[in-house]
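Visitor: I would like a close look at a single buried position in this chain, with its surroundings described carefully. Please set it against the chain as a whole once the local picture is clear.

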Amino acid sequence: MEIEGKVILDLGMTSGTSKAGNAWKKKEIVIETFGTYPRKVKMTLFGDRSETVGADVGQSYSFSVDVESREYMGRWYTDVSAYSSRLLNTPTPGETFAQPMAAPAQPVQQPAVAAAPTATPADPFGSSDSDDLPF
């Protein structure tokens, strides 16, 4: 899944040791998506990705993410884990990230316009010329 947005907050690096004695580290960031209704999304960069995946505050990225939900003691938790990022061109104020529409492969031919008839058709309802309503 891909999510595009601007990194607005770096929540810092967290590290520790698991019950099995293995060292771990993670970095959490918050991005704001683009569009009419922007959303804030908290993402986790786990392990070596916390240092290798680009996530600088103020920069815009396209993140490849995995979304997973899990249940713990009757409550559900959702994690968004980023595993790669691609730096986007930063828009100028008023510019959006919408992709430009591709030009059609072949030019569209306009249909020929018929000339307007010069004679008035016969009135199907039998009304007079002064009354143009059929009722």
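Guide: In this predicted model, Glu28 has a relative accessibility of 15%, and because buried means under 20% relative accessible area, Glu28 counts as buried. The residue belongs to strand β2, which runs over residues 23–33, and its side chain makes a polar contact with the side chain of Lys42 at 3.2 Å. Once residues up to four places away in sequence are set aside, Glu28 touches Asp10, Leu11 and Gly12 as well as Lys42, Met43 and Thr44, so that Lys42 appears both among these contacts and as the polar partner of the Glu28 side chain.

Ser64 offers a second position to examine in the same terms. Ser64 sits in strand β4, residues 60–72, and is likewise buried, with a relative accessible area of 11%. Its side chain makes a polar contact with that of Glu2 at 2.6 Å, and, leaving aside neighbours within four places in sequence, Ser64 is in contact with Met1 and Glu2 and also with Ser81, Ala82, Tyr83 and Ser84.

As for the setting, the protein chain has 1 helix and 5 strands, arranged along the sequence in the pattern β-β-β-α-β-β. Of its 135 residues, 19% count as buried, Glu28 and Ser64 being among them. Contacts between residues 24 or more positions apart make up 46% of those in the protein chain with a separation of 6 or more. The protein chain exposes about 11,000 Å², of which carbon and sulfur atoms supply 54%.

Notes:
Residues are numbered from 1 along each chain as its sequence is written. This is a predicted model: local features need pLDDT of at least 70, side-chain atom pairs count only at pLDDT 80 or more; totals for chains, interfaces and linings use all residues. Side-chain values use heavy atoms; hydrogens and water are left out. Helices (H or I, at least four residues) and strands (E, at least two) are DSSP runs, numbered from the N terminus. Buried means under 20% relative accessible area, exposed over 50%, partly exposed in between (1.4 Å probe, protein chains only). A polar contact is a pair of N or O atoms within 3.5 Å; within protein, one must be able to donate a hydrogen and the other to accept it, and residues adjacent in sequence count only if both atoms are side-chain atoms. Contact means heavy atoms within 4.5 Å. Accessible areas come from the Shrake-Rupley method with a 1.4 Å probe; for residues, only the protein chains shown count as cover.
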